[in-house]
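Here are a few friendly notes to read alongside the structure. Take them one at a time, and find each spot in the view as you go.

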Amino acid sequence: MPERVKEVAVEEAERLKTLTSDAARSGAYLYPIRGIAYFLSHRSLWKPLTSKLVPTMTLGLGVTTFMFFFTYLPQAAVMAFTSGPLAAISAGLLVLSESSTMLTLLSKTFLIDDALIDTFDGVLLSKNSTDLVSEGRQIKAGGDPIAKLGKLMKKPFVKFTPKAMIRYLMYLPLNFIPVVGTVVFILLQGKRAGPAAHMRYYQLKQWNKAQQEKHIEQYRGAYTGFGVAAVLLELVPLASILFAFTNTVGAALWAADIEKQHITKEGTAPKLREQAKNAE
């Protein structure tokens with residue numbers, strides 16, 4: 001049994017090493033950063049976010065208050081065994097990160113779903129991918145990219161499910177393991193978040209589940225790189241919602257580049273880095 005466990009551990013380590021290497025070579029992790037720059041330089045993309053500021057800020061205050069009131073002391077007690085005298089600070093940072101994650105999950109489900117779709121589609125229009133966007137909504141004439149967005153014909157984003165929360169809670173204890181546990185937690189979250197960022201793209205392409213899975217597996221490293229960068233940004237306390245929008249912009253820029261370049265599996269790694277650098 002010990003030999004079998006060791007064998008499995010080695011296999012998993014090798015797989016993780018390959019995945020990490022592919023993610024680093026792909027350059028897809030640059031798209032969330034490019035998304036920030038593109039969002040800040042295109043004021044029309046601010047409209048979906050500003051329309052949701054008041055309700056999301058209210059929800060954020062409520063979630064953060066709730067999390068500190070009910071979870072800070074228990075987590076500080078547990079972290080006293082792993083972080084010693086820094087337990088109070090570590091627990092506070094952990095609660096803030098947890099609050100940011102909870103806020104993002106709840107907001108995407110109940111408040112900003114349509115706003116994120118508008119942002120994604122608006123970026124595609126600004127990158128001249130009108131034909132692609134027209135597969136999922138009506139396009140109006142004139143105006144800026146957001147003003148051109150007409151009635152939605154398809155809504156792809158998956159609503160919050162108990163399964164997603166259960167998965168998050170299962171991974172959460174990893175944060176109690178100094179350094180290594182947090183790294184593994186972020187990698188696991190990033191592996192899921194990467195493909196989820198392109199759900200709108202898959203729908204506009206009219207791909208079925210099998211086609212989506214084939215594409216995701218083909219670019220697993222790139223999606224993990226994107227997802228890890230996106231997760232790290234959305235863990236930033238008090239700024240998670242802003243980064244949810246900029247990550248959506250980054251995902252749309254990547255989708256627009258895929259459409260323009262017709263990336264093949266063989267050319268993924270070098271081209272993704274070049275595309276990310278050229279994204280405006």
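1. Which residues does Thr-248 touch, not counting residues up to four places away in sequence? In this predicted model, the partners of Thr-248 are Leu-116, Thr-119 and Phe-120. Thr-248 itself has its place in helix H13, which covers residues 240–261. Its relative accessibility is 10%, and buried means under 20%, so Thr-248 counts as buried.

2. Now turn to a pair of helices. Two packed helices are described by the angle between their axes and the distance between the axes. For helix H9 (residues 180–196) and helix H12 (residues 220–234), the axes come within 6 Å and cross at roughly 110 degrees. That crossing makes H9 roughly perpendicular to H12. The crossing of H9 and H12 is also right-handed.

3. Next, look at where these two helices meet. On the H9 side, the residues include Ile-186, Leu-187 and Ala-193, while H12 brings residues including Tyr-223, Phe-226 and Val-231. Sorted by class, the contact of H9 with H12 has 9 nonpolar, 5 polar and 2 charged residues.

4. Finally, try helix H11, residues 209–218. Its buried residues are Gln-212, His-215 and Ile-216. Seen down the axis of H11, they fall within an arc of 100 degrees, so they line one face of the helix. The face turned away from that buried side carries the exposed residues Ala-210, Lys-214 and Glu-217. What covers the buried residues of H11? The cover includes H9, helix H10 (199–204) and H12, so you will meet the pair from point 2 again here.

How values were computed: Residues numbered from 1 in each chain as written. Predicted model: local features only at pLDDT ≥ 70, side-chain atom pairs only at ≥ 80, totals over all residues. Heavy atoms only, no water. Helix = DSSP H or I, 4+ residues; strand = E, 2+ residues; numbered from the N terminus. Buried < 20%, exposed > 50% of the residue type's maximum accessible area, 1.4 Å probe, protein only. Contact = heavy atoms within 4.5 Å. Axes fitted to C-alpha atoms, helices over the stretch in contact; angles between N-to-C directions. Parallel < 35°, antiparallel > 145°, perpendicular 65-115°, else oblique. Left-handed = near helix turned anticlockwise from the far one by under 90°. Nonpolar A, V, L, I, M, F, W, Y, C, P; charged D, E, K, R; others polar. Arc of directions from axis to C-beta.
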